[in-house]
Amino acid sequence: MHLSEITHPNQLHGLSIHQLEQIAREIREKHLETVAATGGHLGPGLGVVELTLGLYQTLDLDRDKVIWDVGHQAYPHKLITGRYQNFHTLRQKYGVAGYLKRCENKFDHFGAGHASTSISAGLGMAIARDMKGENFKVVAIIGDGALTGGMALEAINHAGHLPNTNLMVVLNDNEMSISPNVGAISRYLNKMRLSPPVQFLTDNLEEQFKHLPFVGEALTPEMERMKEGMKRLAVSKVGAVFEELGFTYVGPVDGHDLKELINTFQQAHKIPGPVLVHVATVKGKGYAIAEKDQVGYHAQNPFNLATGKAVPASKPKPPSYSKVFGETLVKLCENDSRIVGITAAMATGTGLDILQKKLPKQYIDVGIAEQHAVTMAAGLATEGMRPVVAIYSTFLQRAYDQIIHDVCIQELPVFFCLDRAGIVGVDGPTHQGMYDISYLRCLPNLVIMAPKDEAELQRMLVTGIEHTNGPIAMRYPRGSGLGVPLMEEGWEALPIGKGEILRHGDDLLLMGYGSMVNMSMQVAEILSEHGIEATVINPRFVKPLDVELIAPLAKQIGKVVTIEEGCLMGGFGSAVAEALLDNNVVVPVKRFGVPDILVDHAEPNESFADLGLTSSQISEQIREAFFVQNKQPSKVS
């Protein structure tokens, strides 16, 4: 049987180890071929091919449920659950999603884009099963990086308290999340793997074998297995932790040995109560380039399979907002030892890897623990430090209570830098940075700003660090900047709550927020071609809003348009409309942004077009709303 023939995971039943190994090779080939063409997550899926095949051969997937944590490790799962023929559409509009989606496939039992959710969801399914008197297996798969998330530990704590609830947790231990794992849990796992006694025993054992006349320099497979067995004996101390928490611990097992995996899973299914199977895998397995650079090849844009190098862009792009952020922060840190950059396992994505290399003492990675990152930053702030918390907009949602309870109420000067704010493209609904304006704007004591370009981001970085009267947040988009000249030094802070006029006109007041300021200028140029002249404002701040600038102009011009890269409900446009009403300026306001829908995975330009947010679409809608005479409907005789 070949991979292309598999449309249901139960077709794996009865296949020999040799047949499964062939399918594993085909999965890796298809995985690599597709991601090289479309871009996507590479290392995680390559590392769990055998784990997936071995586990699924021991389950009846018409009944049993598998919950994958995060989702980007589930590409092999997608390939054997009826999506092989469409896999070439991965992360493309209307194509196969890069994460798990319940609406995409009946075998995606729980949607996942953020980490540390699988055990909680799996436990909920297991409890529901028992309450309904049903009988099926529930397996939650989680990586060792995601295990650092507090939610995963909360779920383990609860599950261990339910000895009669059958639940299998598979720990996919590859020593990596996106960046190298940090924290006591990861350190403990590594301590057991690499402890001197283990190294001494295994190395000494190997040396003794080599002196045997019938062995020589080459160790036989039997001797290799004995050596690995010594390692596992020591690593099994990890199991003591889980045993104390109420789990039956099994492992560690070689995550690339199908026979051992199948035997282990078959035995583990027979154990009542919560069970944890510890599986050791290699991220990027089967693609040597990805195995050597596990951080760089966690995810990739389209690349050349032979060389591993990215397909060059047609023309050089300006530096990304993340890179400008990271490089500017380093220069500020060099002049102020109080500044501390904080990431939650996303050093490379946020640009903080630059700070990590240059000034490691002013850099903190807390692991996948956004809640802890925010409250720890609050603690730093109480002692006069200047914490800069760099987290994707979509991930900061996970620390909402901490922002309110630990930062805003206490008016602590924590600086939130929200990367990937707005439309992020092919990662889809779980990663779109749509909601930060709304979920932050309602919080007392919080200042919120967004730069119109990468140069203004530099000034806002200074503004955020120098703001000491309470918390402040800055949002900025994914991808390249506009290519404007950057300043090497001498940045000045912006006055809090003050915008600027970029263009004058008497027919329309046009305001874009942050990344949409440039779009507003484009719209104004198109409208000018139709004889409509707009005043364009860069508000810079949504809170406090520059009412002194906006209200008189709105009253004078009489027509207001707002444009934002975020949800309309509670967003920038809502802030403008509320401010005008509060100041008795009653004029028509038309808002452009994301309506009350989920934005699916697609290229950003495709999403903008679908949402009616291109410059031509916006200018046409403005003309129709305000400047084109409505035709009277013809009378019906």
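## Where His 72 sits

His 72 is found in the loop that runs between strand β2 and helix α4 (75-79). In this predicted model, the residue is buried, since its relative accessible area is 11%, which falls under the 20% taken as the limit for a buried residue.

## Positions annotated in UniProt

An unreviewed UniProt entry lists His 72 under the feature "binding site", together with Gly 113, His 114, Ala 115, Gly 145, Ala 146, Asn 174, Tyr 287 and Glu 370. According to the note on such records, annotations of this kind may be inferred rather than shown by experiment.

Another of these annotated positions, Glu 370, belongs to helix α16, which covers residues 370-382. Glu 370 is buried as well, with a relative accessible area of 6%. When residues up to four places away in sequence are left out, Glu 370 touches Ala 344, Ile 391, Phe 395, Arg 398 and Ala 399.

## The parallel sheet

Strand β2, which precedes the loop holding His 72, is part of an open sheet of 5 strands, arranged in the order β2-β3-β4-β6-β5 and paired in the parallel sense. The edges of this sheet are formed by β2 (65-68) and β5 (248-254), and each has a single partner strand, so one side of each is left without a neighbour in the sheet. On average, and with direction ignored, neighbouring strands are turned by 20° against each other.

The partner of β2 is strand β3 (residues 138-143), and the parallel pairing of these two strands extends over 4 bridges. Within this part of the sheet, Ile 67 has Ala 140 of β3 standing opposite.

Helix α3 (residues 49-56) lies across β2, β3, β4 (167-173) and β6 (274-280), and the direction of this helix is at about 160° to that of β2.

## Two crossing helices

Two packed helices are described by the angle between their axes and the distance between the axes. For helix α1 (residues 17-38) and helix α11 (residues 258-269), the axes come within 10 Å and cross at roughly 110°. The two helices are therefore roughly perpendicular to each other, because angles of 65 to 115 degrees are counted in that class.

On the side of α1, the contact is made by Ile 17, Leu 20 and Glu 21, while α11 contributes Leu 258, Lys 259 and Ile 262. Sorted by class, this contact between α1 and α11 has 4 nonpolar and 2 charged residues, with no polar ones.

Technical notes
Residues numbered from 1 in each chain as written. Predicted model: local features only at pLDDT ≥ 70, side-chain atom pairs only at ≥ 80, totals over all residues. Heavy atoms only, no water. Axes fitted to C-alpha atoms, helices over the stretch in contact; angles between N-to-C directions. Parallel < 35°, antiparallel > 145°, perpendicular 65-115°, else oblique. Contact = heavy atoms within 4.5 Å. Nonpolar A, V, L, I, M, F, W, Y, C, P; charged D, E, K, R; others polar. Pairing = 2+ DSSP bridges. Buried < 20%, exposed > 50% of the residue type's maximum accessible area, 1.4 Å probe, protein only.
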